[in-house]
Amino acid sequence: MNWDWDVVNDFMPEFWDGLLVTLQALALGSLIAFALGLVWAMAQRAPYAWVRWPVTAFTEFVRNTPLLVQLFFLYFVVPEWGPSMSALTTGIIGLGLHYSTYTAEVYRAGIAGVPVGQWEAATALSLPRGRTWIAVILPQAIRRVVPALGNYVIAMLKDSPMIAVIGAMDMLGAAENFSNTTFTIEAYTVVGIAFLVIAYPASLLIRVLERRLALTS
Amino acid sequence: MPSPAENPENVLKNDGSATAGDTDATAPAASSAPSESSSRAAGKELVRFDNVTKRFGDVTVLDQLDFCVDTGKHVTLIGPSGSGKTTILRLLMTLLTPEEGTITVDGQYLTHEERNGKLVKPSDKHVREVRKKIGMVFQHFNLFPNMRVLRNVMEAPVHVLGLSKDEAEQRAKELIELVGLSEHLDKYPSQLSGGQQQRVAIARALAMRPQVLLLDEVTSALDPELVAGVLDVLRDIALSTDITMLVVTHEMSFARDISDSVLMFDKGKIVESGSPDKIFSEPEHDRTKEFLATVL
Amino acid sequence: MMTEGMFTNYFLPGIWITIQVTLYSAALGVVVAFAIGTLRTSRLWIVRFLAGCYFEIFRGMSALVLMFWLVFSLPLLLEWRLVPMFAGVLALGLTYGAYGSEVVRGALAAVPEGQREAGIALSFTRWQRLRRIEIPQAWPDMVPPFNNLLIELLKGTALVSVITVADMAYAGNLVRLGSNESAPIYTLLLVLYFVLAFTLTRGMRVIERRANANVGKPQPRGGLLARLSLRESAGEGSGALTTGGAAK
């Protein structure tokens, strides 16, 4: 054992920068995942098969292939015919896109859980389709899926270090950078512990949410 | 404590002999622990509750209960739900443990173990050894859905009693024939009717060659038209074997047919006991009369 | 364009490595899942507590960070080096085993109480009850969430490329550097992963059908869309990444 607290101290400034990048990626990635997932879920209930099928195929494909390779694709392939993006931006889009295929399933279950009678009532009142979604279905569906969405935010947190592989300076990127320049080992341990410190209270919070929801519904 | 003469459990002693009355004097202590011999001579006491109290939180389900059952006797427990009948069976099956008192089976402590002359909490091994003398048939059958009929009956004899496969299979087939299901050996429980499942469960319990068979409302989960088949099998077993039975049932005519004695429970105590003729025809206690009026 | 030589020289061995890493990690994960999952149902609080700690730690940990730590930090702390492939399998197996333990625990908890009682009534030991009654009955409920976890694990194996294990993703990066053709390479790579995931799902469906038949359950049949889908009942609460799913 050769553990050096001085090294830990030296690493801390870079660690905080990395933490900020991780949280930024997580927050923006979650927003994309929440919004895009809803789009997928609604599209899968579209009245036209030519909307439903491609969306289903696309989300199945994205959900069942590795995020890491998707990040490579976004980072190396997309710039060949599209905009060039920074590693962090690519990472945020990749995380958001990948997890949108999971949140789509969550929304889908939530929407399926709204009683058929609600759709029928909206039809009986001649509510337009958009109004039915916004005023009747989604408010009922989303409330009950909040804990499940929260679980995917935690899952996304654990996958977020992958953006370091394409060069983003998140927690793992910072640790890698620091360790490679100083030939020390402590940084990875600090980052590992940081994940536990963030993930455990977050999962406790979601369990509380779940219980609260179970009580009120 | 009540004197022996008032103690309803004496009725259980077939001839009303005084032996059971002594139970109160022999409070559970190592020195007076029953002998470990296990002959099955008729008239010997097989199951014995001494001063047993069972509580669930603040609710006392059994209140300082004393009673015993002699070898070969069939005893039926009746009473309103919540009166503690099923609790007695579950205590015997060690699915519950009493707060106070001791239970002995065939001369061995079930709820305790003797070590260095003291009664201590029993080891799992000791409990299993004593419990092998007891078989139970459940209200909801509880057959193993992942095993076919034959294997349901063979499983415990092979893996608990250590019988050879051939021996266990032969024994299982005989019992399955006894309950009239020989053509269903290779079916899964889910492919059988409730009545058939319960008959398999009876065979499964008997395959362990228990000295005591506990029947816990074995027909109450069955459709009415299936009840008779199960009761016929049990009546057959009761009348043609020397197995001891402890029965909780709402089928009063069945109870009358097979019982040597009937115990009426209310609020965790035995309020009245006697031969089935006496209890069903001329009950003395008001609670018994009320109860019988609701079920007959 | 990517040449045939590149495919046979790099991709084919990479596919084999990916399959190996998947199978080894899955084997380790199953062992961990059953060990931790059953320990979490122990009668002794200390055993439950320790098993619960394992679950919380590995559920909260990022597999990639764990891999980095195993490869770069642990050897210097212990002066004892891990082969990268071993480190990758260890990190994946321990992590996905933790998710799997929740599946096992949940499925065991869903076995009806009467089954435990019947086991006690027949004097089975606790271990015999677990092995002969509870696990066989819980098994069919475990297979669909295990399938989801297996696909997550397959996706997770791409991480080992980062610690220099020459799997498919590693081969893809290598070929890109050599040929500068990124679009076909990464497209091929994604398709290969999808095909593997699809194959694994087919295999798990066979296992599921057999498991259900073995407990006398009828076989589920979904619609065309459901049969094409790689997940079963993926949706609320079935997040393989998050909790595991069998506990409903």
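Helices (H or I, at least four residues) and strands (E, at least two) are DSSP runs, numbered from the N terminus. This is a predicted model, where local features need pLDDT of at least 70, side-chain atom pairs count only at pLDDT 80 or more, and totals for chains, interfaces and linings use all residues. Residues are numbered from 1 along each chain as its sequence is written, with chains lettered from A and ligands numbered from 1 in the order in which they are written.

**Exercise 1.** Work out where Gln64(B) sits and whether it is exposed, partly exposed or buried.

*Solution.* Start with the element: Gln64(B) belongs to strand E2 (residues 59–70) of chain B. Now the backbone: its phi is positive, about 45 degrees, though it isn't a glycine. Most residues other than glycine have a negative phi. Last, count neighbours: Gln64(B) has 16 other C-beta atoms within 10 Å, so it is partly exposed (buried takes 20 or more other C-beta atoms within 10 Å of a residue's own, exposed 12 or fewer, partly exposed is in between; C-beta atoms are placed from the backbone).

**Exercise 2.** Do the same for Thr164(C): which loop holds it, and is it buried or exposed?

*Solution.* Look between helix H6 (126–156) and helix H7 (168–179) of chain C: Thr164(C) is in that loop. Phi of Thr164(C) is positive too, near 70 degrees. With 11 other C-beta atoms within 10 Å, Thr164(C) is exposed.

**Exercise 3.** Find which helix gives the most to the side of chain A that touches chain C.

*Solution.* First, the contacts (C-beta atoms, placed from the backbone, within 7 Å): 42 residues of chain A meet 39 of chain C. Then pick the top contributor: H8(A), with nine residues.

Terms used:
Two residues are in contact if their C-beta atoms, placed from the backbone, lie within 7 Å.
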